[in-house]
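Visitor: Before we discuss any details, could you put the structure up so that we can look at it together?
Guide: Here it is, and after that we can take it piece by piece.

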Amino acid sequence: MRYLPLSDADRSAMLEVVGAGSIDELFRDVPESARQSGPIAGLPHHASELAVERHLAKRARKNIPAGEVPFFLGCGAYKHHIPASVDHLIQRGEYLTAYTPYQPEIAQGTLQVLFEFQSQVARLYGCEVANASMYDGSTACWEAIGMARRITRRTKAVVSSGLHPHYVSVCKTMARFTGDTLETAVPELGAETDGERLIAAIDRETSAVVVQYPDILGRIADLQPIADAAHAAGALLIAVVTEPVALGAIRAPGEMGADIVVGEGQSIGVGLQFGGPYVGLFACREKHVRQMPGRIAGETVDAEGKRGFVLTLSTREQHIRREKATSNICTNSGLCALAFSIHMTLLGEKGLRQLAALNHARAVEVAERLAAIPGVRLVNDSFFNEFTLELPVEARPAVHAMVERGVLGGVSLGRLYPVVDALANGLVVAVTETVTDEHIDALEGALKEVVA
Amino acid sequence: MTINQSGWKPAAPVAGPGDTGTITGNRALMLEEALIFEIGDTDTTGVDFADGEAGKSRLGNLARTSEIGLPGLTEPETVRHYTRLSRQNYAIDLGLFPLGSCTMKHNPRLNEKVARLPGFADIHPLQPRETVGGALEVINELAFWLIDLTGMHGVAMSPKAGAHGELCGLLCIRAALEARGDAREVVLVPESAHGTNPATAAFCGYRVENIPATDGGRVDLEALKGRLGPDVAAVMITNPNTCGLFEPDMKAISDAVHAAGGFVYCDGANFNAIVGKVRPGDLGIDAMHINLHKTFSTPHGGGGPGSGPVVLSEALSPYGPLPYTARTADGVVHLVEEEQAEEFSQVHFGGAMQSFGRMTAFHGQMGMFTRALAYILSHGADGLKQVAEDAVLNANYVLRSLEDVLDAPFARSGPCMHEAIFSDAGFAGGITTLDLAKALIDEGFHPMTMYFPLVVHGAMLVEPTETESKAALDQFIAALRSIAERARAGDESLKSAPVYAPRRRLDETLAARKPVIGWKTPAPDAPKISGRNEVGGQ
């Protein structure tokens, strides 16, 4: 077996040192009744690298990769070009095959990267501090609500109708068990977000207002009035960003009064991967740092006075605080955070702004062309690289009909909100720098046909 | 605008010529590297974009006006920055990484290759089902083998890591109890458990109580039985436990918990010791997470991503999270989401499925599923059994080779499983476990897990894994033996280890007392350094 270095001669020699007559003697604590006599039934015996690769490649070929067709899906995961050097660097064994930097003297690479990552995230979000990553945007969102509960000692979160419905589901799942109350709503197919509803719902029981920016329909609204209303009532504003590239073009939530900003980092450096692994971003005010979940890298000095980095503020964490920890999170999303950080370093501010401008310009062009199709209405006044169309037909079958025409044309709101009839004709279209003129022609043609 | 300024940091990145005798602060292949904020600037980018004319803006009134402050580097500078930093990391690819309970084994590169096939790496989680059939097959196939290997009834694939899997298991338990109208408040956790266990139970709103261990390092069955009652929702057991021992009374524990109306959660972090040899389902376990990044060798990546599918008993399977995959008689693998969950349950499960809800935005860690499936198929039933046997043999070899110089508190009670535990008893002159660990660094090894589990004083938990050769183990044993002898002799020099690492011991107290957890642009009146690349001493 190619992954197992011990030879039979090694095993015999080692058993002798151990003082056991056979391997089975080492398993003597396992009751006879629980032991398998031979290998577990059902599973075939070991296979060659070639055979395994063929097995998986056969399944991979049954899927349609985003890069092979005109592709316009978003809603929390985005197709962006990732520079070749990103994947090369994250495959260096020193990153790939290391673990959580528990021994900082021999983990300065990972620790400095995390320090840089935290700094990049904090700046992107307009916040003071950030952690070393969460699993993904949805779990980061839930953790933010828990953090707001701990800070305010209140349990009611007012949730915008523009928050990704899967994020809402994750929060609802957890709220059932923690005693938090979530005031939620479904969006309407209009240009206005639900800021007024949120402000009206804030009261003295409110721990936080949760707003996605840009929202699930792609709409962009100023967060400042909501922040002001929340703060006046002693509540926090949690902003959720599912498309970080947007922040190269629009104002950062932290600049508009958000106290906690969380989101999905997948767009920068991390591929689509059918939903995971992704990387949750989490930032907040410095004064709240001790309530923040997750690992944090911090700067210090070594015994010779040289600058170095360590994991710090670990008295918040499960391995120290056990049942009193701020979160149960342990392993997070280190390698995806590295990918994010490398891609962000390659972009830099200049590149991020160019990338964002390109996305926006493309999206505006596509929105105008699609809105000109008879019967199709552009819902948004404002958007970044993603907007919602109201079709004259149900969007879900339209998406399937576009697949038959070789186009992955967007996410139907029927998929995200299956029980809300008023949204059934909604189609969310994302346009990134990967979209070509030919792709746009193909989408326009396909959509024309399926709504005709 | 350049961000490249200094004067604010508590210390310079390198000590300078006086220290190493070099102008750069470098020592041949040991290269210092400054922060991107010190070497990059906001006008530099390593990505070229096609020129496009600025179109009309639809950003509302919210266009960014202020500077973000993100430094950029060109591609060669970026590659060098991250390559230099990588060389300051220890990794499995470099040598033995015996972190107990973390299962740091070799990561096969085939698995990296298949995970990057565009059919897996470049598909969107909300693509129509007819365009992702192969991905759903992979999820379902991995699910099938996980169930087969554990002898359980079902599996929840979406949890993102071990602790998220624990959460999933406890939510299933809570949902099952609620379904029978049985509100229970307490979760029992052994003192030796991973910190995630009590943290997870508390996260789900349970009160956590400890169960004591026997002197032999096992769960105290009688104490456990005495505590069981109508308020106990679940018992969380790690098996093999964190002392590296199999719980021989596991079935009796399960039977007692079930008789009292509770459920048994097993922390599967240590599944590597028994994979292919023992099926947890035969031990009466109701839920167990499987760290794909441990037993099934998806890379640890410097702290994730992990993946934590949870295998479930028949009693808990109906409550697992959405979405899930299910293969029907016609061979089609379905993706069951909120939309069709109820109907699917009615048609295919007689209405039994009552998911507790969604735990994460999408379907779980697809990138880890492909790797884990490749791992399972590569090893096969015979290879996986050999994995457990070699892992256990390697750990026992380390244990017996060192028990004369390191106190092994449970060695007398018999063989260990996949990890060997030692204590600091016998160290002289104030030498600690930490000192020994740091000295191992100088010998070219990653230290073992230190000070865990809490039930052993100065614990050292050594998990070599099955992917170490005898030669590698012999070298490790020789190094550890030598250090242990120095510790017993009270060799003061151990207290200043490591000497040869990129950094000497780091001041963790300072880091926590005055946290600096992000780069702050220095004040304008701070002394400026002109040009790039000066601060880092390149």
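**Strands, helices and contacts**

Guide: In this predicted model, A:E264 has a bridge partner in strand 7 of chain A, and that partner is A:G280.

Visitor: In what sense do strand 6 and strand 7 of chain A pair, and over how many bridges?
Guide: The pair formed by A:E264 and A:G280 belongs to strand 7 of chain A on the partner's side. Taken as a whole, strand 7, residues 280-284, and strand 6 of chain A are joined in the antiparallel sense, and the count of bridges is five.

Visitor: Which residue is the bridge partner of A:I238 in strand 6 of chain A?
Guide: Strand 5 of chain A, residues 236-241, runs parallel to strand 6 of chain A, and four bridges join them. Within strand 6 of chain A, the partner of A:I238 is A:I260.

Visitor: How many residues of strand 6 of chain A are buried?
Guide: In a regular strand the side chains alternate between the two faces of the sheet. In strand 6 of chain A, A:I260, A:V262 and A:E264 point one way while A:V261 and A:G263 point the other way, and all are buried. Strand 6 of chain A, residues 260-264, is therefore described as mostly covered, where a buried residue has 20 or more other C-beta atoms within 10 Å of its own. The number of buried residues is five of its five.

Visitor: Which strands are the edge strands of the seven-stranded open sheet in chain B?
Guide: The order of this sheet in chain B is 1-7-6-5-4-2-3, with mixed pairing. Two strands pair on one side only, and these edge strands are strand 1 (154-156) and strand 3 (207-211) of chain B.

Visitor: What angle does the direction of helix 8 of chain B make with that of strand 2 of chain B?
Guide: Helix 8 of chain B, residues 196-203, packs on the sheet and touches strand 2, strand 3, strand 4 and strand 5 of chain B. Its direction, set against that of strand 2 of chain B, makes an angle of about 175 degrees.

Visitor: Why are the buried residues of helix 10 of chain B on the same side, and what arc do they cover?
Guide: The buried residues of helix 10 of chain B, which spans residues 250-259, are B:M250, B:I253, B:S254 and B:V257. They lie on the same side of helix 10 of chain B because the arc they cover around the axis is only 95 degrees.

Visitor: Which elements are included in what covers those buried residues of helix 10 of chain B?
Guide: The residues to be covered are B:M250, B:I253, B:S254 and B:V257. Their cover includes helix 9 (221-227), strand 4 and strand 5 of chain B.

Visitor: Which element gives the most to the side of domain 1 of chain A that touches domain 2 of chain A?
Guide: Chain A is divided into domain 1 (66-81 + 348-451) and domain 2 (84-343), and their contact takes 32 residues from domain 1 and 26 residues from domain 2 of chain A. On the domain 1 side, helix 12, strand 11 and strand 13 of chain A each supply at least two residues. The element that gives the most, with seven residues, is helix 12 of chain A.

Visitor: From which element does the largest share of the side of chain B that touches chain A come?
Guide: The contact between the chains takes 185 residues from chain B and 172 residues from chain A. The largest share on the chain B side, 23 residues, comes from helix 12 (residues 366-402) of chain B.

Technical notes
Residues are numbered from 1 along each chain as its sequence is written. Chains are lettered from A and ligands numbered from 1 in the order in which they are written. This is a predicted model: local features need pLDDT of at least 70, side-chain atom pairs count only at pLDDT 80 or more; totals for chains, interfaces and linings use all residues. Two residues are in contact if their C-beta atoms, placed from the backbone, lie within 7 Å. Domain bounds come from an automatic or database domain assignment. Two strands pair if DSSP finds at least two bridges between them. Axes are lines fitted to C-alpha atoms, for helices over the stretch in contact, and angles run from 0 to 180 degrees between N-to-C directions. A residue is buried if 20 or more other C-beta atoms lie within 10 Å of its own, exposed if 12 or fewer, and partly exposed in between; C-beta atoms are placed from the backbone. The arc is that of the directions from the helix axis to the C-beta atoms.
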